[in-house]
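Hi,

Here is the structure we talked about. Please take a look, then read my notes on the ligand site below.

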Amino acid sequence: MKIRKAELLDTSKLFALEEKLFLSENFPLSRASFYYHINNNMLFVAEIDSVIVGYILVLIKRKNAKLYSIGVKEEFRGRKIAQKLLEFSIKELSSIAPKALFLEVRVDNIVAINLYKKIGFTIKKKLNKFYLDGCDAYLMELNILDKKKDSFE
Ligand SMILES: CC(C)(COP(=O)(O)OP(=O)(O)OC[C@H]1O[C@@H](n2cnc3c(N)ncnc32)[C@H](O)[C@@H]1OP(=O)(O)O)[C@@H](O)C(=O)NCCC(=O)NCCS
């Protein structure tokens with residue numbers, strides 16, 4: 001598996017993957033959003049035999065960063081692809097400004113919550129009715145400086 005920066009030519013493939021990953025109430029990214037984020041934020045893809053099997057999008061702010069989205073094609077799940085995408089992104093982030101990485105996740109998305117806890121994220125608070133279907137979200141945080149001490153030094 002190879003992880004690389006997404007390119008504008010990947011836009012259609014990423015959008016097709018997104019449509020399979022997220023229902024409309026979970027704020028899926030549009031084709032135009034992918035185009036924008038490829039140019040302006042941290043968007044990495046995981047590739048196997050030149051096929052995009054997963055992606056991660058991290059929005060870069062001045063002091064912090066936000067894990068906006070991560071997804072892996074259904075038939076490639078359970079192979080640590082998401083974990084590697086996250087670790088790759090955190091390593092990239094640790095070399096630039098942000099001190100913390102935040103995310104919101106549906107309280108019923110146990111798989112994703114497990115993944116984030118495994119990486120070291122902690123739940124900061126519950127956001128009531130965050131999603132369009134009324135589902136609550138957890139706001140989770142990872143201290144990038146701590147992670148850097150643990151893993152990259
Ligand atoms: C969440 C998602 C990205 C995980 O991708 P993945 O590549 O299958 O995950 P990994 O193989 O890297 O798993 C890493 C860890 O996540 C957790 N995890 C993964 N699959 C799990 C499952 N079926 N049940 C419980 N925990 C699970 C575990 O902690 C796992 O570590 P372990 O294997 O040592 O126990 C994938 O299920 C997905 O794309 N879901 C749909 C989109 C989504 O919900 N994205 C997150 C919200 S933005």
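Start with α4: with six residues, this helix gives the most to the shell around the ligand. Keep in mind that this is a predicted model.

**The shell.** The ligand is surrounded by 19 residues. V72, G78, K80, N109 and K118 are the closest. Sorted by class, ten residues of the shell are nonpolar, five are polar and four are charged.

**Polar contacts.** Three backbone contacts to ligand oxygen atoms came up. At K80, a polar backbone atom is 2.7 Å from a ligand oxygen. At V72, the distance from a polar backbone atom to a ligand oxygen is 2.8 Å. Q83 also takes part: one of its backbone N or O atoms lies 2.9 Å from an oxygen of the ligand.

**Burial and pocket.** How much of the ligand does the protein bury? Taken alone, the ligand exposes 930 Å², and the protein buries 73% of that. The ligand sits in the largest pocket. Three elements give two or more residues each to the shell: β4 (64-72), α3 (81-94) and α4 (110-119).

**Aromatic pairs.** Beyond the ligand, the structure holds six aromatic pairs. One of them joins F27 and F130. Their geometry is edge-to-face, with 6.2 Å centre to centre and 85 degrees between the planes. This pair links distant parts of the chain, as F27 and F130 are 103 residues apart. F27 is in the loop between α1 (11-21) and α2 (31-40). F130 is in the loop between β6 (122-127) and β7 (137-143).

Best regards

Technical notes: Residues are numbered from 1 along each chain as its sequence is written. This is a predicted model: local features need pLDDT of at least 70, side-chain atom pairs count only at pLDDT 80 or more; totals for chains, interfaces and linings use all residues. Side-chain values use heavy atoms; hydrogens and water are left out. A residue is near a molecule or strand if one of its heavy atoms lies within 4 Å of it. A polar contact is a pair of N or O atoms within 3.5 Å; within protein, one must be able to donate a hydrogen and the other to accept it, and residues adjacent in sequence count only if both atoms are side-chain atoms. Accessible areas come from the Shrake-Rupley method with a 1.4 Å probe; for residues, only the protein chains shown count as cover. On a 1 Å grid over the protein atoms alone, a cavity is a set of points where a 1.4 Å probe fits but cannot get out, and a pocket is an open set with protein on both sides within 12 Å along at least five of seven lines; lining residues have an atom within 4 Å of a point. A molecule sits in a cavity or pocket if more than half of its atoms lie within 2 Å of its grid points. Helices (H or I, at least four residues) and strands (E, at least two) are DSSP runs, numbered from the N terminus. Ala, Val, Leu, Ile, Met, Phe, Trp, Tyr, Cys and Pro count as nonpolar, Asp, Glu, Lys and Arg as charged, and the others, Gly among them, as polar. Rings of Phe, Tyr and Trp (its six-membered ring) pair if their centres lie within 6.5 Å; planes under 30 degrees apart count as stacked, over 60 as edge-to-face and the rest as tilted.
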